[in-house]
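Me: I've got a model open and I'd like to know what stands behind the labels people put on it. Can we go through a few?

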Amino acid sequence: MDRKRRSRRELYTKEICACSIFGAMNREGDRFTGEGVMKAIASMRVRGNGLGGGFAAYGIYPDHRDLYAFHLMFTGPTDPARRAAKQELEAFLARKFDVYFDEEIPTDDSVFVRDPPLLWRYFVLPRKEGEDAEMTEEEYIVREIMAVNSKIENAYVFSSGKNMGCFKGVAYPEEIGEYFMLDRLYRGHTWTVHGRFPTNTQAWWGGAHPFGLLDTTVVHNGEVSSYGTNRWYLEMYGYACTLQTDTEVIAYAADLLMRRQKLPIEIVAKILAPPIWAAIDRMDEKEKRLMTALRMTYGPLLMNGPFAVIIGETGRMIGLTDRIRLRPLTAATRGEIFYISSEEASIRLISPHLDRVWTPRGGEPVIAEMKGYEKGSEESYEKGSEKSYERIC
Amino acid sequence: MRSFVFPEFEIIRDEERCGSCRGCERQCALGTHAYDPVADRLVSDDRKCAGCQRCVIFCPQKAIVVRPSPSFYRPNASWSREKIEDLKRQAETGGVLLTGCGSDKPFRIYWDHILLNASQVTNPSIDPLREPMELRTFLGRKPEMLEISREGKEVEIKTELYPNLTVETPILFSAMSFGAISYNAFKSLATAACRSGTYFNTGEGGLPREMRGEFGRCAIVQVASGRFGIDAEYLNVAQAVEIKVGQGAKPGIGGHLPGEKVSAAVAETRMIPQGTDAISPAPHHDIYSIEDLSTLITALKEATNYEKPISVKIAAVHNFAAIASGIVRAGADIIAIDGLRGGTGAAPKAIRDNVGIPTELAISSLDRRLREEGIRNRSSIIAAGGFRSSSDVIKAIALGADAVYIGSAALIAMGCTLCQKCYTGNCNWGICTQNPRLSGRLNVEIASQRLSNLISAWSHEIREMLGGMGINALESLRGNRDHLRGVGLYEWELDVLGIKGAGE
């Protein structure tokens with residue numbers, strides 16, 4: 001009854017936060033530890049307040065590269081409650097997946113963090129039976145994750161891609177890094193990081209960034225004023241927005257548009273942060289037609305209000321700001337390393353001599369790709385290069 | 001038979017100021033004022049006064065005051081003056097009580113119990129004087145997704161798009177037919193719609209031939225149960241076609257235009273004999289079920305070559321959301337939903353004041369229903385019925401409407417004072433009449449300017465409120481109940497509206 005009323009009244013409590021974001025990619029695919037990104041994000045400590053930090057790391061599980069790595073968080077108030085949630089989750093996994101290997105996520109308990117949940121990882125493959133056999137693996141996994149996150153109390157899947165993982169919690173990001181020993185245990189080719197400044201005090205581990213679905217992760221700085229609109233549109237496509245933050249809707253929008261509808265990132269950027277009508281009306285007929293169709297069809301996915309995000313995928317990292325650029329974002333390159341950050345200073349701290357530094361314009365994505373990156377039918381990329389999007393048509 | 005009903009209004013004339021110019025006598029088509037040549041003064045018959053205030057505004061000496069008559073029956077909570085007098089009138093006439101305009105009964109006006117949000121600190125408010133603030137809206141079916149193909153930098157849309165109406169502001173003029181309103185009032189609406197980047201709705205009385213070339217581009221034409229004035233050209237000059245199933249002021253019954261108002265021009269436009277009553281049947285006699293409606297929608301799409309969105313207008317009644325969902329599945333591109341306080345030129349008072357549900361609740365229920373069924377993108381929602389200000393409009397958008405229809409508000413902009421005597425055909429303001437002496441009072445240039453000004457004023461105010469919320473495109477507010485809070489509402493009302501209480 002209570003649950004039903006909540007949904008009718010749409011009584012979600014949205015968390016509002018300001019943040020620091022940072023991303024680094026080695027475009028040759030060479031892997032490096034989290035030490036550098038931890039140092040960089042620590043330099044933006046003033047942009048957070050210790051109520052949330054997290055990392056997404058790509059290429060960290062080469063030994064299990066073909067298995068989906070589920071990172072689970074069991075957040076009950078007492079240890080037995082957490083164990084009970086874990087038991088329920090494992091019963092669920094046993095029905096829906098083949099679990100090849102599982103273990104507690106190693107942590108350094110000498111690092112003080114507040115109320116750490118029970119953290120566990122499972123390396124799985126989906127077991128699609130009956131009618132589900134028709135679904136793609138990815139559709140199946142997304143559906144089951146939505147089921148876990150909305151139905152199993154105190155259990156949250158916060159990472160679900162192959163050969164990648166998210167690590168996050170309530171603390172300053174560098175403390176989270178130390179807690180998970182990211183500078184010692186893991187080597188990845190792409191890292192994104194987030195330091196958080198929520199304006200309410202109910203910070204919880206599940207609400208920290210990044211948010212991920214399959215191998216797409218989002219770290220985000222901003223507040224989405226269009227949250228209610230974005231949310232209902234995504235709910236129509238089966239996304240359950242349970243994690244109480246704006247970032248979740250960006251992650252799901254990215255999943256819907258990029259993975260399910262297979263739209264290229266340049267188009268997706270024009271959906272999330274479209275040009276203004278005055279600019280569209282000045283475009284040539286063909287481009288005008290495209291932009292009008294995009295805004296007409298995807299109006300409810302326009303992310304209104306200030307934001308800067310870094311979207312991570314296997315082999316690709318995308319930075320994007322809102323269309324009137326109300327949050328900072330800087331991109332830089334040094335050799336094969338590509339950086340995206342809230343502040344230039346944090347990049348300079350770990351890489352003083354840069355080949356190129358620039359500030360992308362509002363609504364125009366910066367895209368870093370790994371050598372040999374290919375996804376779907378997108379062909380036009382100059383491999384291993386950065387580009388600032390200009391015009392599509 | 002002598003009437004036992006008090007006069008509704010009392011006319012007070014300041015004899016000191018009155019210059020006996022007889023202006024009031026000429027202004028009032030109801031014959032309220034008369035000149036007494038013997039006494040060289042004007043006398044007024046309170047009984048004839050509709051309270052339209054025409055004489056008050058036009059008296060050069062400001063010598064007239066019209067106010068509700070202070071006479072009273074013994075106060076009685078059950079038998080109000082209105083109930084007693086309505087009963088007396090029926091005892092005197094034996095007929096159905098007619099009235100005009102939207103219901104004036106004190107049903108809760110939810111707009112006045114809903115408050116808007118604004119940005120503070122974490123999210124900058126946006127200054128509409130310095131930054132773009134976009135209200136452009138598309139009405140019609142949207143595809144589930146766009147499929148595109150790309151070769152190099154060439155991007156092609158492969159998905160077929162559906163026809164949509166484009167409005168520069170989410171405010172359209174509601175259906176008011178030529179016949180119910182005067183030619184000049186009708187033309188003023190058309191002129192203002194074209195000038196303001198929006199649309200007017202012809203109602204069920206057709207579109208006069210000479211207006212088709214100039215005003216078809218901003219017309220929505222109606223197909224109602226009487227099928228008045230419909231031909232192929234009528235359907236095709238318009239930008240959208242609306243099937244009128246119901247009207248908020250009189251759900252369950254059809255339109256009724258008395259023969260007195262069927263002038264030669266009205267007769268020609270409606271394709272009926274002059275002076276005959278134009279009575280629309282209560283139902284469409286070719287729509288007795290949802291599959292029949294589907295057939296008519298398809299027939300209209302065929303007739304317009306699938307180039308125009310088809311709207312279906314229904315009154316908000318108890319189970320309307322489920323019905324509307326069926327209508328969307330039947331192929332409607334737009335659902336127009338008309339609530340309890342929607343206006344009319346003529347309706348039985350018993351129906352106007354007792355049938356239907358408030359627009360505010362209807363919008364929210366319909367939007368939620370279509371979302372839950374995953375078909376919200378298949379149809380736009382235009383809400384109608386009692387919009388009084390820009391803040392009502394923006395709240396409707398946040399509750400899930402794509403745009404709104406304004407009827408009464410547009411008439412008020414032209415001079416209407418909601419005297420509720422539209423059905424008499426003697427509108428002193430020249431709006432709701434076919435008497436050429438009266439309709440000539442409405443200057444199309446001036447009236448259309450007043451309408452355009454209204455649209456412009458409301459649009460500016462919507463931009464201000466939108467910017468305050470940190471939103472620079474209206475589509476980001478649509479269905480965004482997070483920006484609304486209720487005050488003084490019961491829990492069930494908050495539930496139906498889908499909003500939190502203030503401070504929650």
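**Two helices in chain B**

Reply: Sure, and keep in mind that this is a predicted model. Let's start with helix H9 (residues 320–329) of chain B and helix H11 (residues 359–372) of chain B: their axes come within 9 Å and cross at roughly 50 degrees.

Me: Why is H9(B) called oblique to H11(B)?

Reply: Take the crossing angle, roughly 50 degrees. Under 35 degrees would count as roughly parallel, and roughly perpendicular runs from 65 to 115. The angle fits neither range, so H9(B) is oblique to H11(B). As for the hand, the crossing is right-handed.

Me: Which residues make the contact between H9(B) and H11(B)?

Reply: On H9(B) you'll find B:Phe320, B:Ala321, B:Ala324, B:Ser325 and B:Val328. H11(B) brings B:Ala362, B:Ser365, B:Leu366, B:Arg369 and B:Leu370. Sorted by type, the contact has seven nonpolar residues, two polar and one charged.

Me: Zooming out, how many helices and strands does chain B have?

Reply: Chain B has 16 helices and 23 strands.

Me: And what makes chain B as compact as a globular protein of that length?

Reply: Its radius of gyration is 24 Å, and the globule rule gives 23 Å for 504 residues; the two values are close, so the label holds. Along the principal axes, the C-alpha trace spans about 95 × 55 × 45 Å.

Me: How much of chain B counts as buried?

Reply: 51% of the 504 residues, where buried takes 20 or more other C-beta atoms within 10 Å of a residue's own.

Note on methods. Residues are numbered from 1 along each chain as its sequence is written. Chains are lettered from A and ligands numbered from 1 in the order in which they are written. This is a predicted model: local features need pLDDT of at least 70, side-chain atom pairs count only at pLDDT 80 or more; totals for chains, interfaces and linings use all residues. Helices (H or I, at least four residues) and strands (E, at least two) are DSSP runs, numbered from the N terminus. The radius of gyration is taken over C-alpha atoms; the globule rule is 2.2 Å times the number of residues to the power 0.38. A residue is buried if 20 or more other C-beta atoms lie within 10 Å of its own, exposed if 12 or fewer, and partly exposed in between; C-beta atoms are placed from the backbone. Axes are lines fitted to C-alpha atoms, for helices over the stretch in contact, and angles run from 0 to 180 degrees between N-to-C directions. Angles under 35 degrees count as roughly parallel, over 145 as roughly antiparallel, 65 to 115 as roughly perpendicular and the rest as oblique. A crossing is left-handed if the near helix is turned anticlockwise from the far one by less than a right angle, and right-handed if clockwise. Two residues are in contact if their C-beta atoms, placed from the backbone, lie within 7 Å. Ala, Val, Leu, Ile, Met, Phe, Trp, Tyr, Cys and Pro count as nonpolar, Asp, Glu, Lys and Arg as charged, and the others, Gly among them, as polar.
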